[in-house]
Structures are given as C-alpha cells and as structure tokens.
Amino acid sequence: MKKLPSLKIQSQNRFSHVVLVLWSLVVLFPLWVMVINSFKDRLSIYQNPFGLPSKWNFTNYTDILGSGDFLGYFKNSLLAVILSLLFLLVITSLASYALANWRGKLSRIIYFIFIAGMMLPIKIASIKLLELIRALGLLNTIWALIPIYTAMGVPVAIFILTEFIRQIPKELLEASTIDGAGKFRIFTTIIVPLSRPALASVAIYNLVPFWNDLWFPLIFITDEKSKTLLLGVTRLFGQYQTDWSKVLAVLTLSAIPVIALYLIMSKQFIRGLTAGAVKG
C-alpha cells in the first residue's frame, strides 16, 4: 500500500512529460517550417513545404546580408529595443522600489492604476499617440518608438518587480539603514543585485513584443532609413507575388537575437517567474 503514492507520482510525471513533449512539438513545428523553407527557392516551397530541401539554397541569406537596407533595418530595431528596455528597467525598478516600501492607501491606488494598464491595449490610443509623436517632432524617426515601447512594458514590469521586491527580507534593508546607507544606495547595492531574476524576466517578457512589433513602426515611420526590421520585410511583399524564401530568411535572422538573449538569461528568467511560488 505504501508504494501507491509513488506510483501515482510517477504516472503524473509521465503525463506531464508527454504533455510537455507534445507542446514542444507544437511550438517547434512553425520554427522548423520557417527555417527549412528559408533554404529553398520560391517554387520548392509550394512543392514540398514541410520537408527538407532537395538542394540547399544559401542565396537567400547572401542576398539579404549583402543588402545594406537589411543591416540598416536590423540596426534600427536593435537600437529601439535596447534603449526601450534600458529605460523600462530603470524607470520601473525605481517605481517598484518606491511602491514596495510605501505602505498606504494612496500607494495601493497608484499600484492598481499601473496594473489596470495590463487590461488596456495601448493600440486603442494610436491616433492620440500619433498626434503626440508629431508634436514632439519625433515622427519618421526611430526615436518615436522608444517612449511608446517603454510605456507598453510599464504595467507588467511594475507588477513583476513590485511583488519581487516585497519578498526581499525587511531585516536586510533595516540593517543597511542602521549602517548608514541611504535609500538610493540600498537600491543600487541591495535591491538591484537581488532583483536580477525579476529584471531578466521583465526584459525577456518585453523583448518579444518590442522586437516583433509592426503596428507602431507602420504608423510612425515612412522614412526608409528609419524603418525597423519587420517593417522592412514588407518591401518583399509584392502586389501579385511574394518572394517567401527571402521573407522566411529575414524572419529566421530576426529570431536569432531573441533566442540568444533567452539562452543567455534563461536561468535568471526561470528564477524570476518561479519566485514566491514555493514558500519554505
């Protein structure tokens, strides 16, 4: 009778593994189709969309990498995303530190106002944002995307960082105060190092929508020199035909920074997501 719980746990683990394997296949299948078709010519994609290419075609990548436009688009996307993430992490970490240590009715109201932003898509204010960007003189520049992306990520970032900072032992902060450390020094020497898993979670969580955004570049940018990578991909879509092999090659290259950042910060990302899930 004592072996029944262990058998039950083993069956649950097997079921979980089966579900995870099936879900992994569902997630990886589109990536597989994208990558293998990026090495085919235009006609081969329609003949055999899911199989390996009969002849590996690297001209799609050489044509794209040899184009100065692609490198310019890539640089614009990288610049917009990196600066947006930096501003987002700095602003929200400071705000979360204040909200986590400010106990009162007003702080709860401000916190819930930030959280309410998670339920309101920023795209519904596109017309007003366009007027604001025009008034700031940022229209048709890559700088127009940075304040928009920063605002997009604030609600989720405030939610993750505030809850994480609240779990930091108060005794540690009180000991630092007794030693003579000020609020800003406590923030830079204690809060920020301990919050690296949460900061990594915020960065990765917002990297994907920032990098893959097409809506706001399409609205704000018409200048060829300031276009982002995905906006530049639209040049490959013709009125009567589309060179899908080159489109998929661009999308494959655009996925590399996201995958690389996740692989580098995966441990911190998982720690940030599971923080507080188990209490001892």
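Select Lys227 to begin: with a relative accessible area of 13%, this residue is buried. The model on display is a predicted one. Now add Glu224, which joins Lys227 in a salt bridge whose closest N and O atoms are 3.2 Å apart. Glu224 counts as partly exposed, at 34% relative accessibility. The two partners thus fall on either side of the 20% cut-off for burial, Lys227 being buried and Glu224 partly exposed.

A search of the whole structure gives three salt bridges. For another of them, move to helix 6, residues 126-135, and select Lys128 and Glu131. Their side chains meet in a salt bridge, with 3.8 Å from N to O. The two residues are three apart in the helix, so about one helical turn separates them. Lys128 is exposed, with a relative accessible area of 60%, while Glu131 is partly exposed at 41%.

Next, display helix 7, residues 145-166, and select Glu163 and Arg166 within it. This pair also lies three residues apart, about one turn of the helix. Arg166 forms a salt bridge with Glu163, and the closest N and O atoms are 3.2 Å apart. Both residues count as partly exposed: Arg166 has 27% relative accessibility and Glu163 has 30%.

Keep Arg166 selected and add Tyr111. The charged end of Arg166 sits over the ring of Tyr111, at 5.1 Å from the ring centre. Arg166 therefore takes part both in the salt bridge with Glu163 and in this contact with an aromatic ring, whose owner, Tyr111, is buried at 8% relative accessibility.

The tour now turns to aromatic rings. The whole structure holds 11 aromatic pairs. Select Phe39 and Trp56: their ring centres are 5.3 Å apart and their planes stand at 65°, so the pair is edge-to-face. Phe39 is in the loop between helix 1 (3-37) and helix 2 (42-47), and Trp56 is in the loop between helix 2 and helix 3 (59-65), so the pair ties together parts 17 residues apart in sequence. Phe39 is buried, with a relative accessible area of 14%, whereas Trp56 is partly exposed at 43%.

Return to Tyr111 and add Phe112. The ring centres of Tyr111 and Phe112 are 5.7 Å apart and the planes are at 65°, so this pair is edge-to-face. Tyr111 is buried, but Phe112 is exposed, with a relative accessible area of 54%.

As a last selection, show Phe39, Trp56, Phe58 and Tyr61 together; ring pairs link these residues into a cluster.

Terms used: Residues numbered from 1 in each chain as written. Predicted model: local features only at pLDDT ≥ 70, side-chain atom pairs only at ≥ 80, totals over all residues. Heavy atoms only, no water. Salt bridge = Lys/Arg side-chain N within 4 Å of Asp/Glu carboxyl O. Helix = DSSP H or I, 4+ residues; strand = E, 2+ residues; numbered from the N terminus. Buried < 20%, exposed > 50% of the residue type's maximum accessible area, 1.4 Å probe, protein only. Phe/Tyr/Trp six-rings, centres within 6.5 Å; stacked < 30°, edge-to-face > 60°. Lys NZ or Arg CZ within 6 Å of the ring centre and 35° of its normal.
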